[in-house]
Structures are given as structure tokens and as C-alpha cells.
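The following exercises are to be worked through with the sequence and the coordinates at hand. Each task is followed by a solution in steps.

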Amino acid sequence: MKMKRTLTLIKPDDWHLHLRDGDLLGGVLADSARQFGRAIVMPNLKPPVTTVQAAAAYRERILAALPAGSAFVPLMTLYLTESTTVEEIARARASGFVHAVKLYPAGATTHSDAGVRDLRSCDAVLAALAECGMPLLVHAEVTDPAVDIFDRERVFLQQVLLPALERHPALRVVVEHITTADAVRFVSQGEDRVAATLTAHHLLYNRNALFQGGFRPHYYCLPVLKRETHRQALVAAATRGSPRFFLGTDSAPHARQLKEHACGCAGIYTACNALELYAEAFAAADALQHLETFASLAGPSFYGLPPNSTRISLVEDTVAVPEQLERGGVALVPLRAGETVGWRLLD
Ligand code: NCD
Ligand code: ZN
């Protein structure tokens, strides 16, 4: 019989997470807090978290919803709009709990309608971010309906992000949830001030998953899954021990009935077993020795934070994933529902 491998890592962090609000927040937070020390919390609530004051209140709601005794730390972000002011960036820097500003191109994804139409109209804010070293987190897709959905990331990088990096030579950027070989190349060939997060689902699946035996809404997220050659480029980037590619689940809960719908919501729920899924992707690439850099070291280093001081362990095992979860009274269908995952987190 094959020996079951075990793996001990510095406790990882999630550098891109949707926690939502209200009952759902209380429900999903425990899943993340079990595995991760900290998370960069996305600001795309309704209404969006556009001010430090709103971020402070949201942070209090998160802390109040944590399981008793949890040491999980939410790292807050602000939602960039064309009315965000330079003074708000100064307040964010001074707050100590706002760690980044998120750019959603208007209309690109869930709750992005308050986002940015023309990034050049935010140049004063980008200059303020560059000045204080706070990263801009980017949903890197153009929204022009004339651009094919599978090309939107590549076109955004060339037409929007590259010029912005040229206009702001000190701006630090995280390209969030990258999905293409083009994005891997963009980050690898860029300067040290450019990094990227990768989700577990984009490392494990290509776009065929959306159409396996019928349409599968629980594999639908934005940016949408891409073809296999892109998935392979993402795995290669994540698993080589680079300090510029790190873990960001983009776990994005939507009620089951809103995903199984005529106009289904974009978002995949992975918070319940994210680390196990990443371990599976790294094991498949024979690169478990690089999981700690990806999950626990590269992110803190880019954000200027120390790594966590505790450790977690994983063991190779076959673990069933429930068909459905109930979180805060909401039915969620996690990635791999009704199937198995190849690793188990030891409590
Ligand atoms: C996210 C959500 O639901 O908030 N959805 C998704 O498909 N990833 C938004 C986002 O990160 O694009
Ligand atoms: Zn997201």
C-alpha cells in the first residue's frame, strides 16, 4: 500500500476572498477561518465598501461573526470608484486595517456596476497608492461586449493595465485570479511590483468542466475557466516557488437557486476545502515542496506582512465533499459537490 503523505506548512492566508454580509457572512467565515490565518476581504458588497469608515464597520461585523477563540484576521480593502479621493487613500493608509484598493471595471462581474469606466479618471488616486505603496488589486477584464469573453483578460492587460503601470512607475499591482498564459507571461515578465493570485478552481479545471454532460453552473465564475493550455500555464506559474504568484481562492458564495437560474450568478464556493484543493493541484504537478511559498510566504511578503506564526498539517486522504452546504440559512453547492478531494486538513 502506498504511504499516505502528510504535509506541514506555515499557516496560509487567502489573498482574495468574498465573505458577503449578514447571515451568509456568519455562515461562510468559519470555513475560511479554519484554514487561513488572514484573508484579503473583497469590498463588493451592496452597497460597495468605498470608504474607510464603511470598511471599519464591515471589519467589526466580520470580527463579531468569528467563531469563539478564532485568531483569523480580516485584511480590508476599498472598492475603487471614479469618485474615490486622494484623502480617502491617506485615511486608508493611516487606518492600519485597509491593505489594498480593488479595481472592478464597471460591469465586469458580480456587484461591479459602481466600478470604474475609465481608469485614467483615477490617476490621482493611483498616484496616491503608488506614493504610499498600497497595492491596487485588479479584476483584469475589459467589459466591451465586442471583445470575446475568453479574450477579455489578455485585452485588459495590454490596453488598460500596461498603460497604467507606465503612467505610474511605482504603482504596485496584484492581478487577481489570473486565468490565462498571457497573464502568467505579463506578471513573469513584469517588474517585482506586479504579482498575481490564483484560484484552486483555475488550477484544477479547464472550460470543459462547464459543459461536462450538460451545462454546469457551479463551475461558472469570472473570469471564466479557459482552455487546457492556459490551465497548464497557471499550474506551472503557481508551482515553481515564485514569490509573485500566490494563493487567492476567490471563494464567492451564491445561493444555489441563484446559480441554477436562467441568468446564473458568477462565483464558485471553495472556502470549505480550498487548501485541500490546492494541495491536490500541487501534488498532481509533483510540486508539494512549493506549496508553502505559494500559500504562506509569497503573499505576506508582497503585502509587507510577516508570515503567520502557527502551522497547519494536511494528510493525503479521500474525503467526500457534501452535495450541498447550508451556511447562514443559505444553500450553497461547493466545488466538487458529491465527489471527493484527495487531501484532508488536520484540526
Ligand atoms: C465574484 C463574486 O461573486 O463576488 N464572482 C466571481 O465569479 N469570481 C466576483 C469576482 O471576483 O469577480
Ligand atoms: Zn473575487
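**Exercise 1.** How many aromatic pairs does a search of the whole structure find?

*Solution.* The model is predicted: local features need pLDDT of at least 70, side-chain atom pairs count only at pLDDT 80 or more, and totals for chains, interfaces and linings use all residues. Residues are numbered from 1 along each chain as its sequence is written, and side-chain values use heavy atoms, with hydrogens and water left out.

Step 1. Rings of Phe, Tyr and Trp (its six-membered ring) pair if their centres lie within 6.5 Å; planes under 30 degrees apart count as stacked, over 60 as edge-to-face and the rest as tilted.

Step 2. The search yields ten aromatic pairs.

Step 3. One of them is the stacked pair of Trp15 and Tyr303, with 4.6 Å centre to centre and 20° between the planes. Trp15 belongs to strand S2 and Tyr303 to helix H11 (residues 291-303), 288 residues apart.

Step 4. Trp15 counts as buried (under 20% relative accessible area; exposed is over 50%, partly exposed in between, with a 1.4 Å probe and protein chains only), because its relative accessibility is 0%.

**Exercise 2.** Identify the protein donors of the zinc ion (ligand 2).

*Solution.* Step 1. Donors are N, O and S atoms within 2.8 Å of the metal (3.2 Å for Na, K and Ca).

Step 2. His16 (NE2), His18 (NE2) and Asp250 (OD) lie 2.0 to 2.1 Å from the zinc ion (ligand 2).

Step 3. Their spacing in sequence is H-x1-H-x231-D. His18 and Asp250 are both buried.

Definitions and conventions
Chains lettered and ligands numbered in written order. Helix = DSSP H or I, 4+ residues; strand = E, 2+ residues; numbered from the N terminus.
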